[in-house]
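Student: I would like a close look at one residue and the part of the fold around it. Please start from its contacts and work outward from there.

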Amino acid sequence: MRHSSHNWLAIALLLGFLAGDLLGYAAASLKTHHKSQEWLPEEAVKLPEDIAAPGWEQWVFCADEHMQCQCPGEVRWGTTGHWTNLGHHEKPIVCSAELGDPCPGKAGRGSCECAIVRGSDAWFRMSPAVLPEQDTSSPVVFCGQLEASKEESAWSASLWEAVAGLCGAASPPELDQEEKKDKSKSDKAEDEAGSGESKFGEPGPLAYPIDTLQDLMQAWVDPRFRKNYERAYRTDGWVERAFVNYVGNCVSGGKYDRMMQQLIRSVHLFSSKPIVVVHYGMVPPPSWDPVLFPRLVLLHAKPLPQDLRWRSFNYNKYRAILLARVHTGIQLDSDQFVAPGVDALFDRTAAEINREYPMPILPVHFLPNKGPSSGGVWWPRFCQEDGSCPLQTMRWAHAHPTFTYFALPFLGKWLRRNLRDEVLPHRKGYPDSKLRVLDVPEDEDLLNLGLWEDNATKQWCKWETPDPSDLKILLEGRLDGGIVGDKRFYPEGSPLVFYTAHHAVDPEASAKLIDELEEKHKNGDLLPPITYKGKFYHNHTDLLKDHPKLPCII
């Protein structure tokens, strides 16, 4: 077990050996631990003060390419074996290819590293995910723990099914009889389509090694947020309902820090649910305050290695959902904020995603005609040479998934296929349909083709405005709201639902809109959140009375 060096697990292993039944004791120990009052003691999450060899500088990850690095020491740019020292910088530095080719002749990309004095004040503010294992705190999520808890609940079993291939298992975990029956139907449908698999696909030449995959399945609680974590999460390590966000290195006071503040603020104003932020950077901004934002939970995780082959930062979205351990969740990007009424989406998500429909549901995209002419290596897998796409089951969707634990295996499967460089086999009757998953560049592309591949049929009406300015439709009571139609899927367009705003890249403008929403909401002057064909509706039931054949749900 890879994490036996962590204190609590080392104790569990020792006691297990003394009991003579290591695995049995580990499971019992976990269950007993879950019943205790102080189930996440401070010493389990804070960085150890007796670090190895303090007082000398160490290079640690600071920021991915295209992100900013703010470092109290020297900065270097590049990749393993190819570093350029950039010296000290008082202001944040943008990590980009303009600093030099980090890996000549290779497909990888670079990152910035920061020289930190071990044991310094700056060192203790860092994410534990970027520190050496011997100096960091204990993760609250890791492969050994996920496997040990897989029989404790249906949600833990679902999560283990999602991550087994990322944690080094040779084949999918065993299912119970009812799950096997449902799975056999799904496998038969996939086999008929030419894409079935009875085991994990073979890893390709650019697959991450097993130990790297296991490292990517770890998460740490930020020490400042231990109390928030204990309030939000049950003692089995799961939270019932929450928003999930992922973010890279956020320079304090920078644009992304200010955008995130508005997102977090809006959740605390207009929702009763926690927001779990999974941070993949070096140091979180101090503005993310656990007292000011008591329903904010901050987790840390390792960045995706980029030296072998570039993988979009946005694939961390899949990881965040898996690491957050949420029963029913709404994923939010950092350029979003929420509006009054958003919590209704949790109830609808719980009702729609279940054992019979174990896939995430995404909102319809505002772009009406995204197809083969838009480009993308995946289209030949779903489309004929005449341009028709009979195997595309839904209109292109926006990559803001809602999910329940039933959908975690879907997300884990497609993340695994990317990180292990797997290939989807040729599909009968579709030339050039063989697809290397690593060639699918973005999270949104893979979510869409994955849903079509698995014959998904459910799509949300547009519950995030294409731009924050569209909230003026709601605030001013205008009757021109809606999403443009297309010939095949939405001949009469889609309703527009004001649950969240997207493309909120101007934090000051977002703050003003949130203020307006708050004032109208407090005064009871805010219109119902759904608009379609010149009328506002309170919920999906009212909407369906007037429009029973809508192609989307809400």
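Tutor: Take aspartate 333 in this predicted model. Setting aside residues up to four places away in sequence, aspartate 333 touches Asn245, Tyr246, Leu263, Lys317, Ala399, His400 and His502. Aspartate 333 itself sits in the loop between β11 (326–331) and β12 (337–338). Is this loop residue buried or exposed? Aspartate 333 has a relative accessible area of 13%, and the limit for buried is under 20%, so aspartate 333 counts as buried.

Two polar contacts involve the side chain of aspartate 333. One, of 2.8 Å, joins it to the side chain of glutamine 331. The other, of 3.4 Å, joins the side chains of aspartate 333 and lysine 317. Lysine 317 is also among the residues in the contact list above.

Two other residues on that list, Asn245 and Tyr246, lead to the sheet. Strand β8 covers residues 239–247. It runs parallel to strand β9 (residues 275–279), and five bridges join the two. Within this pairing, asparagine 245 has valine 277 of β9 as its bridge partner. Helix α9 (residues 255–270) packs on the sheet and touches β8, β9 and β10 (296–300). The direction of helix α9 makes about 165° with that of β8.

The sheet as a whole is open and has six strands, in the order β7-β10-β9-β8-β11-β13, with mixed pairing. At its edges are β7 (220–221) and β13 (402–404), each of which pairs on one side only. In general, the strands of a sheet pair through backbone hydrogen bonds, in either a parallel or an antiparallel sense.

Strand β8 also takes part in the charged pairs of the model. Glutamate 240 forms a salt bridge with arginine 234, with the closest N and O atoms 3.0 Å apart. How accessible are the two partners, arginine 234 and glutamate 240? Arginine 234 is partly exposed, at a relative accessible area of 28%, and glutamate 240 is partly exposed as well, at 44%. The count of salt bridges comes to 27. Another of them joins lysine 522 and glutamate 518, whose closest N and O atoms are 3.2 Å apart. Both of these residues lie in helix α15 (residues 507–523), four residues apart, about one turn of the helix. Lysine 522 is exposed, with a relative accessible area of 65%. Shared partners also link salt bridges into a network made up of Arg234, Asp236 and Glu240. A further salt bridge is formed by glutamate 476 and arginine 478, with 3.8 Å between the closest N and O atoms. Here glutamate 476 is exposed, at 51%, and arginine 478 is partly exposed, at 32%.

The nonpolar side of the picture can be taken next. The largest nonpolar core has 149 residues, and those that touch the most other members are Cys69, Val163, Phe243, Trp288, Trp378, Leu408 and Ile554. For valine 163, the contacts beyond four places in sequence are Leu146, Met217 and Leu322.

A second sheet serves for comparison. This open sheet has four strands in the order β1-β6-β3-β4, with antiparallel pairing. Its edge strands are β1 and β4 (82–88), each pairing on one side only, and the twist averages 30° from one strand to the next. Seven bridges join β1 to strand β6 (residues 111–117), and valine 60 has cysteine 114 as its bridge partner in β6. Strand β3 (residues 74–79) pairs with β6 over four bridges, where tryptophan 77 stands opposite cysteine 112. Six of the eight residues of β1 are buried, so this strand is largely enclosed by the rest of the structure.

Just beyond it, histidine 66 lies in the loop between β1 (57–64) and β2 (68–69). Histidine 66 counts as exposed, at 55% relative accessibility, whereas aspartate 333, also in a loop, is buried. Apart from neighbours within four places in sequence, histidine 66 is in contact with Cys95 and Arg109. The C-alpha atoms of histidine 66 and cysteine 95 are separated by 5.3 Å, with the two residues 29 apart along the chain.

Key
Residues are numbered from 1 along each chain as its sequence is written. This is a predicted model: local features need pLDDT of at least 70, side-chain atom pairs count only at pLDDT 80 or more; totals for chains, interfaces and linings use all residues. Side-chain values use heavy atoms; hydrogens and water are left out. A nonpolar core is a set of buried Ala, Val, Leu, Ile, Met, Phe, Trp, Tyr and Cys residues joined through side-chain atoms within 4.5 Å. Buried means under 20% relative accessible area, exposed over 50%, partly exposed in between (1.4 Å probe, protein chains only). Contact means heavy atoms within 4.5 Å. Two strands pair if DSSP finds at least two bridges between them. Axes are lines fitted to C-alpha atoms, for helices over the stretch in contact, and angles run from 0 to 180 degrees between N-to-C directions. A polar contact is a pair of N or O atoms within 3.5 Å; within protein, one must be able to donate a hydrogen and the other to accept it, and residues adjacent in sequence count only if both atoms are side-chain atoms. A salt bridge is a side-chain nitrogen of Lys or Arg within 4 Å of a carboxyl oxygen of Asp or Glu.
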